[in-house]
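Here are a few exercises to work through with the model open beside you. Try each one before reading its solution.

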Number of protein chains: 2
Amino acid sequence: MALEHAILVSLLEKPGSGYELARRFERSIGYFWTASHQQIYRVLKRMENDGWVDVRDVPQQGRPDKKEYRVADLGRAALSSWLHDPIEPESVRHDLAVKIRGAAFDDPTALIREVERHRQAHRDRLAHYLAGEARDFTGPEANAAGPQAPLDAERELQHVVLRGGIAYERMMIDWLDGVLATLARFGPAR
Amino acid sequence: MALEHAILVSLLEKPGSGYELARRFERSIGYFWTASHQQIYRVLKRMENDGWVDVRDVPQQGRPDKKEYRVADLGRAALSSWLHDPIEPESVRHDLAVKIRGAAFDDPTALIREVERHRQAHRDRLAHYLAGEARDFTGPEANAAGPQAPLDAERELQHVVLRGGIAYERMMIDWLDGVLATLARFGPAR
DNA sequence: TGAGTCATGTAACCAGTTACATGATTAC
DNA sequence: GTAATCATGTAACTGGTTACATGACTCA
């Protein structure tokens, strides 16, 4: 539903190729929206047909040529109209929670490893986000622009979204600690 | 992917009809997995064909007859095998975050109402979860079973999952407060 | 008599995933 | 030579959403 819009936002932040978009969806944008390159190429083609984006062939030396996409007026209008359209607060889909409740009907301790793995993944992501925040928003280079640009909407909004990611990972780590404490109580004594 | 498994867990907790499952997916299970009745009926039929669940016609008075499903041995085995299969830490998909970053290319203040609506939805859900927790886990009736059943895995695991929902809603409310503070700075002064 | 709840479904469509496919260049 | 990266795609499948459809009973 919103992949088009996520692509529009990403291309407005910086024009690029399908391949570059796919990489961004593994990183910054990917913190809150994922997409495979297959999906991106398909949607990009549709967006091109609909006049939402313009393409330009960019010859490169030492690597294959690429197609650089940038947002057209129709795309900007489509984004704007979506932004003004209310969306439903999203419903969560959390496999791990299903597993945790399901563990009651199996061996709960068998889940410990799995939960630890997930906790580690969230720790890794947290570290990654914090590094990004230090680099782009609170580090010395981040202030290169100086305090004379305090109302750069793009940066501020990127930062507040990143802070959301940080808060989410912290919450998950704490929660998984709690899950592990619960699972441990069904532990060896069983 | 895991709808089958969510249904198995729900039916193990308590057998019921497709309709009842659909209602549960609007409440308790729905906190971490949603499904429409159309989807449930379709999957339920497949699960029946695969021998994962057994059906029993239950005549009712004053209301239409229903089909009561309960988990069969094959279903229990399928759940167990899924529980032992590692899953990837899930990737988030958060429309609102796309909108917030997109707001930089439109009027950021137009998003304030939308964010407030979402914050209210999360407040409502939090209140709902807290009421459920008081009722089922920390209230006086919850202790009716007494301290002699301190290791009821089903209850403990349901509770820890609910605590996850509570932590999630609290985190979202705090974050959305931060988002609103940021949006307000691009406010009337603009 | 009309709205609301209980109850079960079909059909069409759309979005997302997985598998397959190609080909150039760079670095070891 | 071979693995990794850059770059772009097609095809088949699966899962989820939306729209449509029916029918009995209850309560105001």
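**Exercise 1.** How far does a polar side-chain atom of A:Tyr41 lie from a phosphate oxygen of DNA strand D?

*Solution.* First, the ground rules: this is a predicted model, where local features need pLDDT of at least 70 and side-chain atom pairs count only at pLDDT 80 or more, while totals for chains, interfaces and linings use all residues. Residues are numbered from 1 along each chain as its sequence is written, chains are lettered from A and ligands numbered from 1 in the order written, and side-chain values use heavy atoms, leaving out hydrogens and water.

Now the distance: it's 2.9 Å for A:Tyr41. That fits a polar contact (a pair of N or O atoms within 3.5 Å; within protein, one must be able to donate a hydrogen and the other to accept it, and residues adjacent in sequence count only if both atoms are side-chain atoms). Next, look at A:Gln60, with a polar side-chain atom 2.3 Å from a phosphate oxygen of strand D. Then A:Arg93, where a side-chain N or O atom sits 3.3 Å from one.

**Exercise 2.** Which element gives the most to the surface near DNA strand D?

*Solution.* Start with "near": a residue has a heavy atom within 4 Å of the strand. Helices (H or I, at least four residues) and strands (E, at least two) are DSSP runs, numbered from the N terminus. α3(A) gives the most, with 4 residues. As for the DNA side, 60% of the strand D atoms within 4 Å of the protein belong to sugar or phosphate, and the rest to bases.

**Exercise 3.** Which residues of chain B make polar contacts with phosphate oxygens of DNA strand C?

*Solution.* Take the backbone first: an N or O atom of B:Tyr19 lies 3.0 Å away from a phosphate oxygen. Then the side chains: a polar atom of B:Gln60 is at 2.4 Å, and one of B:Arg93 at 3.4 Å. To finish, α3(B) gives the most to the surface near strand C, with 4 residues.

**Exercise 4.** Why does the end-to-end distance of helix α6 (residues 112-138) of chain B agree with its length?

*Solution.* The expected span is 1.5 Å times one less than the number of residues. With 27 residues, α6(B) should therefore span 39 Å, and its end C-alpha atoms are 36 Å apart, which agrees. Now check burial (under 20% relative accessible area, 1.4 Å probe, protein chains only): the buried residues of α6(B) include B:His118, B:Leu126 and B:Phe137. Their cover includes α5 (95-102) and α7 (153-184) of chain B, counting contact as heavy atoms within 4.5 Å.

How values were computed. Buried means under 20% relative accessible area, exposed over 50%, partly exposed in between (1.4 Å probe, protein chains only).
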